[in-house]
Amino acid sequence: MRALPLRPQFAWLEITGFCNLNCRHCYANSSSQGDHGDMSDADWIRVIDQLNGLGVRDVQFIGGEPTLHQSLPAFIRHAHKYAMRIEVFSNMTHIRPEVWEALTLPGVRLAFSYYSDNETDHDEVTEVRGSHARTRANVEKARELGIKMRGSVIHVLEGQREANAHHELLQLGIRDVRTDHIRPFGRGAEGAFPQIKELCGMCGRAKFAVLPDGRVSPCVFSRWMNLGNVHNQTLQEIYDGVPMRAARAELEAAFPHSAVRSTPSCLPDCNPSFESCNPQTACAPDAACGPTGEGDGSAVPRMSPRRSVRYANPSISRTDC
């Protein structure tokens, strides 16, 4: 079995399974009944060191709710030491002062999900009353602090006013707003066993996820595909290992478009979430596109809804998910 032709560029670090919300579509089954797993702070620091050694430049801290991990600020600062591009995917309902401080470091940004401009609709998705108000307030605070952000509007309920949520985020000054639907994993699968056909096919292609128990999977959705564990293997061994190569072979058989080709192709490649070719390398912005990428705010932005909600950097070659 041949070695993987692409070196890793991106990693999800799922530092906790604990969350203060109970979103009905959560692919990780996170809730207040979850925990931080058995990865110690030293384990996560070692993982970040190994990511740097592999040449990974983009990381996303995710959960669960990553801001509820007491050591998130330390993890951010350690990754920042290596000049990594860092994103924290948060529900933005509970951010401590020390987390805000870490988020203001250069190269650190926030991502969050938003469901409706109507607090009742939003709170019905999260199943926690008052979550809409707290998220909106912290979006405004992050803007005041100058933290870069992107919002993801996910369609979960019929009539949840996601178009209005989209517009509200733009009005709040969020110029990067993306859309998605329920992924049929975790609670989103409503009890069904996960199916490989529901993935995008790009899982494990220059990226992978490290989970709270140390397991590594091709992405945060394909968590049943166990590639190894950082408790007893290095990330280099896992990425170059037989399970990863077998997973990629299985994915390429199911999704022939995900195989590495010598000729360039249109980005993004992530099906079934993205139905058409909308290149991320061209000017298909999430806000009004001018010579500097800035609009005057007076026009309705031309949206690019098919950009990934999973991570920010569109230059991660052929790894959109």
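A residue counts as buried when its relative accessible area is under 20%. With that in mind, welcome to this predicted model, which we can explore through its cysteines, its inner spaces and its charged pairs.

**Cysteines**

C23 is a good place to start. Its relative accessibility is 13%, so C23 counts as buried. Does the structure hold many disulfides or zero? The count is zero. For C23, the closest cysteine sulfur is that of C19, and at 6.1 Å it is too far away for a bond. C203 is in no disulfide either, with the nearest cysteine sulfur, in C219, 3.6 Å away. A disulfide needs the two sulfur atoms within 2.5 Å. C203 has 0% relative accessibility and therefore counts as buried.

**Spaces inside**

Rolling a probe the size of a water molecule over the atoms shows where empty space is left. Searching the whole structure in this spirit turns up three cavities of 30 Å³ or more. The largest cavity holds about 440 Å³ of space. Its lining is made of 28 residues, and here we meet C23 again: together with H25, F89, S113 and Y115, C23 is among the closest to the centre. Helix or strand, which elements give two or more residues to this lining? They are α4 (119-126) and β6 (177-181). Sorted by class, the lining of the largest cavity has eleven nonpolar, twelve polar and five charged residues.

**Charged pairs**

Side chains of opposite charge can pair when their charged atoms come close. In this model the count comes to 17 salt bridges. Here are three of them.

| Salt bridge | Closest N to O |
|---|---|
| D58 and R85 | 2.8 Å |
| R136 and E168 | 2.9 Å |
| R215 and D213 | 2.7 Å |

D58 belongs to strand β2 (residues 58-62) and R85 to strand β3 (residues 85-89), so their salt bridge ties together parts that are 27 residues apart in sequence. D58 is buried at 7% relative accessibility, while R85 is partly exposed at 45%.

The salt bridge of R136 and E168 joins two helices: R136 sits in α5 (residues 131-145) and E168 in α6 (residues 162-171), so this pair ties together parts 32 residues apart in sequence. R136 is partly exposed, at 26% relative accessibility, and E168 is buried, at 14%.

In the third pair, R215 is partly exposed with a relative accessible area of 25%, and D213 is partly exposed with 28%.

Salt bridges can also link up: E87, R109, R150, D176 and R178 form a network of them.

Technical notes
Residues are numbered from 1 along each chain as its sequence is written. This is a predicted model: local features need pLDDT of at least 70, side-chain atom pairs count only at pLDDT 80 or more; totals for chains, interfaces and linings use all residues. Side-chain values use heavy atoms; hydrogens and water are left out. Buried means under 20% relative accessible area, exposed over 50%, partly exposed in between (1.4 Å probe, protein chains only). On a 1 Å grid over the protein atoms alone, a cavity is a set of points where a 1.4 Å probe fits but cannot get out, and a pocket is an open set with protein on both sides within 12 Å along at least five of seven lines; lining residues have an atom within 4 Å of a point. Grid points are joined across faces, edges and corners, and a volume is the space filled by probe spheres set on the points. Helices (H or I, at least four residues) and strands (E, at least two) are DSSP runs, numbered from the N terminus. Ala, Val, Leu, Ile, Met, Phe, Trp, Tyr, Cys and Pro count as nonpolar, Asp, Glu, Lys and Arg as charged, and the others, Gly among them, as polar. A salt bridge is a side-chain nitrogen of Lys or Arg within 4 Å of a carboxyl oxygen of Asp or Glu.
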